[in-house]
Amino acid sequence: MALFLLDHGAGNVQSLANSIEKLGYQFSWISSPDDFQRASVLIFPGQGAFHTAIECLTERGLFQPLLDYINSGKPYFGICIGMQVLFAASAESPSVRGLGLIPCQIDCFDDTDKAVPHMGWNTAECFDTPTDPQSTEGVSATVFYYFVHSYCARYDPVQNPEAAQWAHSTTQYGNEVFVSTVRNGSVFGTQFHPEKSGIAGLTILDTWIKQSLAGRTPPSVGPRTPRHAKPRDGFTRRIIACMDVRANDQGDLVVTKGDQYDVREKVSSSSTTVKTAGAVRNLGKPVALASKYYDAGADELCLLNITSFRNSPLRDQPMLAVVRAAAERVFVPLTIGGGIKDTVDPDGTKRSAVEVAGAYFRVGADKVSIGSEAVYAVEKLRALAAGDGTSAIETISTMYGRQAVVVSIDPKRVYVDPTTYDGPYKAELIYGKDDGPMDERGKAWWYQCTVSGGRETRPVSAVELAKGAQALGAGEILLNSIDRDGTGMGFDLDLIRMVKDAVNIPVVASSGAGATEHFVEVFKQTNVESALAAGIFHRDEVGIQDVKVSLKDAGFNTRAI
């Protein structure tokens, strides 16, 4: 029996390869139409846009051979896009036809009661079928799996009976119930990413591969009894560990952390502490810390190259090597940031943002974070009153799907006279509370965006940037605060609440966490989907599991290790 993986050319497939190698299986890649004849077990992974997947398959001459392979009855496992292409079409790309095995359409989530994309950990409730009640491929309703998608197969036995007949498990997100896994005979598919779902996901992969290689394919199922009761909404709040990576003065990549973005140690004179001018603060090696946080139960990891790239993003091999090595050890989502933009190499070679992002996806990253370039793109959007399709946000989201693009916002407070200010951001003013911190009472401020690591301000507000980023195609906002960074005072709730209320995409709260209660507070008072911390984790001041225990005690769904 020969196990093959199909890379459609757009999306993170290396993570699946890493997972299968971790489990001890050997595999080959589909590189030509003839390889389908050699394959006896096939996995089609990937995230990205529906039309990109179909177009890539068609251009490489793989569309019909893939359909023939599935119709032959040999085992097939489709992950995310690999599952969605089984359907006839998708609302994401109405003019593009899928494989059509499931004769209905993939639809977009309703964002009126929740953020879209559906991004995070959720449960999957299996059907018990009369023909094979124990065959669940390892899917369990008691654990969580990682989802990241804007489009889904709605579970509705009346309006969408074809999808309901293929449903193997369902998941609830907000008020919607969708098909999270499909199975019929040799065909199996998951909307979630088992390769990014920790031990629970590895269990599914191992179970399915082992059964398929042994020739134990479940039989085709008969009509399933419609389920009308909604499963529980198991959507969890994510805890993200962030690592700011930069070269120290010796040229080695280290994880560092600063106060208000200053990462050098303070140098003391004989009389007082003077301006920071010491060595780059070294809090550990990035791959080692990534492994530590994965083992500790982090729901997601973020690696930010805060010095960007020395020469070329595609020649910065140390950072690519860091991402590659981290992806081989951790099996939760990994975001990479720094230098994701159109660039020109020293020799004049032009590199597009899509090319740069693709390089990181191919070594194991799941999302890319865009900072300064997003500010410039929104300034351009404001001037033109529409996107022109050239920004990094637009080009990457078009190729890989909006769920692959994170926009990182670095705002700082601009204080104004609350009695006389009549500027463009009057509607966004925050007023200091009478019972708030003494230095805020009687004051008013708005949040101005910065670029270049907080060193330069731009005439764009945090709300304006978040709205513009969403309009251009970003799938998530990483919301920092220069004023709160490194203070341990807690998240800037006013900032987070204002931005969260302005967009319909997920928001990550960042900057200022100093205790477990700060995480409980931000989730209770702002309704964000996730919260990020760095220094308190690096210095072991707060443990990830301590945060999760506090969240569970407060009534929030959390993922256990």
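Here are some friendly notes on the two domains of this predicted model, their interface and two buried residues.

1. **Ground rules.** Residues are numbered from 1 along each chain as its sequence is written, and side-chain values use heavy atoms, with hydrogens and water left out. As this is a predicted model, local features need pLDDT of at least 70 and side-chain atom pairs count only at pLDDT 80 or more, while totals for chains, interfaces and linings use all residues.

2. **Domains.** Domain 1 covers 3–214, and domain 2 is made of 238–264 + 272–409 + 459–554; such bounds come from an automatic or database domain assignment. Their centres, taken over C-alpha atoms, lie 28 Å apart. In the contact (heavy atoms within 4.5 Å), 30 residues come from domain 1 and 32 residues from domain 2.

3. **Buried area.** About 2,300 Å² is buried between domain 1 and domain 2, with carbon and sulfur atoms giving 56% of it. Buried area here is the accessible area (1.4 Å probe) that two parts lose on being put together, summed over both. On the domain 1 side, Gln47, Met119 and Lys196 supply 24% of the area buried against domain 2, more than any other three residues.

4. **Polar links across the interface.** The rule finds one salt bridge between domain 1 and domain 2, a salt bridge being a side-chain nitrogen of Lys or Arg within 4 Å of a carboxyl oxygen of Asp or Glu. You may also like to look at the eleven residue pairs in polar contact across this interface, both residues at pLDDT 80 or more. A polar contact is a pair of N or O atoms within 3.5 Å; within protein, one must be able to donate a hydrogen and the other to accept it, and residues adjacent in sequence count only if both atoms are side-chain atoms.

5. **Glu137.** This residue sits in the loop between strand S8 (125–126) and S9; strands (E, at least two residues) and helices (H or I, at least four residues) are DSSP runs, numbered from the N terminus. Glu137 is buried, at 2% relative accessible area, where buried means under 20%, exposed over 50% and partly exposed in between (1.4 Å probe, protein chains only). Its side chain makes a polar contact of 3.2 Å with that of His168. Not counting residues up to four places away in sequence, Glu137 also touches residues including Arg183, Trp208 and Gln211.

6. **Met319.** Helix H9 (residues 317–327) holds Met319, which is buried with a relative accessible area of 0%. Leu303 is 16 residues away in sequence and 9.5 Å away in space, C-alpha to C-alpha. Beyond four places in sequence, Met319 touches Val245, Leu253, Leu303, Asn305, Ile336 and Tyr360.
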